[in-house]
Amino acid sequence: MTAPDPARHWLLRALFRLPNLAALVGLILLWEFVASVWLPRSDPYLATLMPPPTQVFTTAVELIRSGELGFHLLASLKREAVAFLFALAAVPLGLLMGWFRPIHAQLDPIVEVLRPIPPLAWIPLSILWFGIGDAQNQFIIFLGMFFPILINTIDGVAKVEPVLVRAARSLGAGEWKVIKRVVLKAALPQIVTGVRVGLGVGWMALVAAELVGASSGLGFMINDARSVLRTDIIVVGMITIGFVGLVIDMLLRFATRKLLPWSVSNAK
Amino acid sequence: MGRLSIENVSKIYGDPASEGAVVALRDVSLDIPDHAFCAILGHSGCGKTTLLNMVAGFERPTFGEVSIGGEPVSRPGWRNTMIFQEYALFPWMNVAENIEFGLEMKKLPQQEREEARRTYVDLVGLQGFETKYPRQLSGGMRQRVAIARALAVCPEVLLMDEPFAALDAQTRGAMQDELVRIWRREPKTVMLVTHSIDEAIKLADKVVVLSRRPGRVKDVVEIGLERPRDEDHADYIALRRRLRELIYDDFDERS
């Protein structure tokens, strides 16, 4: 089996020479053409539903200048952060469940019943419980984050190499030291994976929660723009949500490489 | 202080009264004097690792007793520390931190920890590698770290479970020589499990041959040769033949 010879066909050759972002640039150009040239001529109503990228860009600049985008972004980030602090309780709980069999036996059925319920399904009940506002939003985000962190922590503990635990005991470590110095450390790369997944799921849950139960935040902003048919604001909001989600994930990956240089996935 | 005595030890997995019970070791008695180097030799599955695990405190004998310096072994700890075939270094700690781990568990003050670490880094020849992580080291170097880490806690008995089995033949030979050199500088009571006749003769004062399951002490062979030992010496060759016969004789009985 050999890879196809890139020099064989002129089309393939051209493909290999293309700069990395060529497809993306092409797509944006196509979008601009459809939204500002083709659609207004064929159907002006549809044209208002599809803002061209140039308009999205000017709207973005406006929203940043007026501070509106920053305000909503900050509100969303604050909710994500508060919910994350609460969701970190999943780490000690996961350590206990992973390490002590009886605790696992008792709690695992509860986790297995609650885990498959999508965080969004909690929205109606949580609005009744907490009303509209931060607490309700944070609760939904918390649910989105909690289970990925918990499951990954339990799994990470289960995968700790038994010989490391034996070595620690053989060097005189007691139970608490074994958990703190060996089990937690060995499970940490997997816990961080859980945190990454959790922050991602939480970010998605956040936007959904804000769509229905908030008066600030990116989710609120795009839903509010819908009621006044400002599709450009909606698109700016959507791009911001995606971009910030990406940045959070990249920051976490960067932190993992810095803080856990030993973890196998980062070895190379 | 480091005299290891194993008295009438049997290990049975499962209920001893039931038919499905597996007898791993039967009535093993051994006495290893302080500072002696003892090798346990036997086929795989003869219960030699089980014996080692009981001395290390990972398992309890079903009958009999293991004691070190007159005190019964009840749990793992620095008195009877173990070196593993797979090194078992903590991957998130560098060489220095790995070596200091046991000293920290002993609650030694930092200055003493650092002094001890320097001593043992020097002893095993790891100067300049203190800040390296285990994955950056070769197999032989990793086992040096494991040896330093175990010696640093000043065990009364040092246990080794096929410590060089994962190394290539050349490194293994070099590490065996190293172990002899280190042991002569720092004589400890050592119990080493191996299935290699040459390793046993090269390293030990005393070779205990275990029979196939259920493991029993088949013979104890004293190795009276001067160290370092010459593989081509007539006495060495005779010892090798004798141990081989002890092991294969057993093999024929069973097959």
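**Entry 1: N98(B)**

I started with N98(B) in this predicted model. Buried or exposed? Its relative accessibility comes out at 0%, so N98(B) counts as buried, the cut-off being under 20%.

Next I looked up where N98(B) sits, and found it in helix α2 of chain B, residues 95–105. I then followed its side chain, which reaches the backbone oxygen of M93(B) at 3.0 Å.

Which residues does N98(B) touch, leaving out those up to four places away in sequence? I noted L89(B), F90(B), M93(B), P134(B), V145(B) and R149(B). M93(B) turns up in both notes: N98(B) touches M93(B), and the side chain of N98(B) reaches its backbone oxygen.

**Entry 2: the helix around it**

I widened the view to α2(B) as a whole. How many of its residues are buried? I got 9 of the 11, so the helix is largely enclosed by the rest of the structure. The buried set includes N98(B), along with V95(B), A96(B), I99(B), E100(B), F101(B), G102(B), L103(B) and M105(B). I marked E100(B) in my list, a charged residue among the buried ones.

What covers these buried residues? The cover includes α3 (110–124) and α4 (139–152) of chain B, and also α10 and α11 of chain A. That sent me to the chain contact later on.

I checked both ends of the helix too. At the N-terminal end, N94(B) acts as a cap, with a side-chain oxygen 3.1 Å from the backbone nitrogen of A96(B). Just after the helix, K107(B) takes a positive phi of about 60°.

**Entry 3: where chain A meets chain B**

Having seen chain A helices over α2(B), I looked up the contact between the chains. Chain A puts in 18 residues and chain B 24 residues. The area buried between them is about 2,000 Å², with 68% of it from carbon and sulfur atoms. Which three residues of chain A supply the most? They are S170(A), L171(A) and R181(A), which together supply 35% of the area that chain A buries against chain B.

R181(A) came up again when I turned to charges. I counted 1 salt bridge between the chains. It joins the side chains of R181(A) and E104(B), at 2.6 Å from N to O. E104(B) lies within the 95–105 range of α2(B), yet it is missing from my list of the buried residues there.

I also counted 5 residue pairs in polar contact between the two chains, both partners at pLDDT 80 or more. On the chain A side, the elements giving two or more residues are α10 (162–170) and α11 (175–213). The largest share comes from α10(A), with 7 residues. By class, I sorted that side into 11 nonpolar, 2 polar and 5 charged residues.

**Entry 4: the two domains of chain B**

How is chain B divided? The assignment gives domain 1 as 4–81 + 157–254 and domain 2 as 86–154. Their C-alpha centres lie 25 Å apart. In the contact, I found 16 residues of domain 1 against 14 residues of domain 2.

The two domains bury about 1,400 Å² between them, and carbon and sulfur atoms give 72% of that. On the domain 1 side, W78(B), M175(B) and I182(B) lose the most area, together 36% of what that side buries.

I found 1 salt bridge here as well. It runs between the side chains of E178(B) and R144(B), 3.0 Å from N to O. The polar contacts came to 4 residue pairs, both partners at pLDDT 80 or more. Helix α5 of chain B, residues 169–185, gives the most to the domain 1 side, with 7 residues. That side has 9 nonpolar, 2 polar and 5 charged residues.

**Entry 5: the two domains of chain A**

I finished with chain A, where domain 1 covers 20–45 and domain 2 covers 51–262. The C-alpha centres are 35 Å apart. The contact takes 5 residues from domain 1 and 6 residues from domain 2.

How much do they bury? I noted about 430 Å², 74% of it on carbon and sulfur atoms. W31(A), E32(A) and A35(A) lose the most area in domain 1, together 83% of what that side buries. For salt bridges I wrote down 0, and for polar contact 2 residue pairs, both at pLDDT 80 or more. The domain 1 side divides into 3 nonpolar, 1 polar and 1 charged.

Notes. Residues are numbered from 1 along each chain as its sequence is written. Chains are lettered from A and ligands numbered from 1 in the order in which they are written. This is a predicted model: local features need pLDDT of at least 70, side-chain atom pairs count only at pLDDT 80 or more; totals for chains, interfaces and linings use all residues. Side-chain values use heavy atoms; hydrogens and water are left out. Contact means heavy atoms within 4.5 Å. Buried area is the accessible area (1.4 Å probe) that two parts lose on being put together, summed over both. A salt bridge is a side-chain nitrogen of Lys or Arg within 4 Å of a carboxyl oxygen of Asp or Glu. A polar contact is a pair of N or O atoms within 3.5 Å; within protein, one must be able to donate a hydrogen and the other to accept it, and residues adjacent in sequence count only if both atoms are side-chain atoms. Helices (H or I, at least four residues) and strands (E, at least two) are DSSP runs, numbered from the N terminus. Domain bounds come from an automatic or database domain assignment. Buried means under 20% relative accessible area, exposed over 50%, partly exposed in between (1.4 Å probe, protein chains only).
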